[in-house]
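Subject: A structure for you to look at

Hi there,

Here is the structure I promised to pass on. Have a look at it first, and then read on for what turned up.

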Amino acid sequence: METEISELGSSSISEHLSLTSWNKDLKVRIAYIEEPPFYWTDENHLVKGADIELAEVVLRAIGVTSIEYQLTRFEELLPGLQAARWDMNVPIFVTPERARNVAFSVPVWSLGDGFVVHYGNPKALTSYESVVMRGDALLGLIPGQVQFDAAKSAGVSDSQIVLFNSQPEAAAALLAGKIDAFAATAVGNHVTANVNPKLEAVSFKNSKDGKAPVGAFSFSKSNQGLLQAVNAQLHEYLGSADHRARMAKYGITQTEIDSVVAGKGTK
């Protein structure tokens, strides 16, 4: 499913939806970033991805007739909701800090971390701790993402961290030899590595309890009507045969789906 990027308009869900009503005949504006296979812009300026397809299926099911996408940077996703520049964000990891500022839907996936490294992994980087042990290793990170916090918690020093605005920018730096690895989701890293034979994806566990963190759509806390409508449809749709088939096209399998399907009753 593809949707062309449109300019932001003035008639939107957040402007017309009260806390208790649901007016279906309005557009929803969704912000996204460049992070395949979840969301990205193709060469024809169409927005694609697993989470884009999920958003469209869910929003069409609740009666939304117009969906507009706004490309932004990761650090602008939450402020953009709070400032009503758009109505909804594509799924990102749920954290207590983020939940203080926005309202999250029920989780839609559970993802572990990993690295993208040079093919053959010459510095044997297999975890954040391995970066710490290898003092000459430089790790690419995107500020504000959960991988940044995980790396810092593991003891990766500031001198080993190189910050980037996006994953494509980090991948370009890796290819240019400016860093030795960059951290992102294991699923996304395999997509990056598969399109470039000079790179390799390394998956690892970074959770002490063995549970990967979950991701969800996010909304302004004042936009409860849209949140409730989306949640109701997600409860019906997540884990269905159609959902699994659509996600499988992007490399998202039962590993990423089953834990959130089992816990659909919670956020």
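To start with, how many bridges join strand E9 to E13, and do they run parallel or antiparallel? Strand E9 covers residues 113-118, and 5 bridges link it to E13 in an antiparallel arrangement. One facing pair to look for is Val117, which stands opposite Glu200 in E13. Please keep in mind that this is a predicted model.

These two strands belong to an open sheet of 5 strands with mixed pairing, and the order across it is E11-E10-E12-E9-E13. At the edges are strand E11 (161-163) and strand E13 (199-203), each of which pairs on one side only. From one strand to the next, the twist averages 35 degrees.

A helix also packs on this sheet: H7, made of residues 167-175, touches E9, E12 and E13. The direction of H7 makes about 150 degrees with that of strand E12 (181-185).

The other finding concerns a pair of helices. Helix H2 (residues 50-61) and helix H10 (residues 241-248) have axes that come within 9 Å and cross at roughly 150 degrees. Because angles over 145 degrees count as roughly antiparallel, H2 is roughly antiparallel to H10. Their crossing is right-handed.

If you want to find the contact on screen, look for Ala50, Glu53, Leu54 and Val57 in H2, which meet His243, Arg246 and Met247 in H10. By type, the residues of this contact between H2 and H10 are 4 nonpolar, 1 polar and 2 charged.

Enjoy exploring!

Best wishes

Conventions:
Residues are numbered from 1 along each chain as its sequence is written. This is a predicted model: local features need pLDDT of at least 70, side-chain atom pairs count only at pLDDT 80 or more; totals for chains, interfaces and linings use all residues. Side-chain values use heavy atoms; hydrogens and water are left out. Two strands pair if DSSP finds at least two bridges between them. Helices (H or I, at least four residues) and strands (E, at least two) are DSSP runs, numbered from the N terminus. Axes are lines fitted to C-alpha atoms, for helices over the stretch in contact, and angles run from 0 to 180 degrees between N-to-C directions. Contact means heavy atoms within 4.5 Å. Angles under 35 degrees count as roughly parallel, over 145 as roughly antiparallel, 65 to 115 as roughly perpendicular and the rest as oblique. A crossing is left-handed if the near helix is turned anticlockwise from the far one by less than a right angle, and right-handed if clockwise. Ala, Val, Leu, Ile, Met, Phe, Trp, Tyr, Cys and Pro count as nonpolar, Asp, Glu, Lys and Arg as charged, and the others, Gly among them, as polar.
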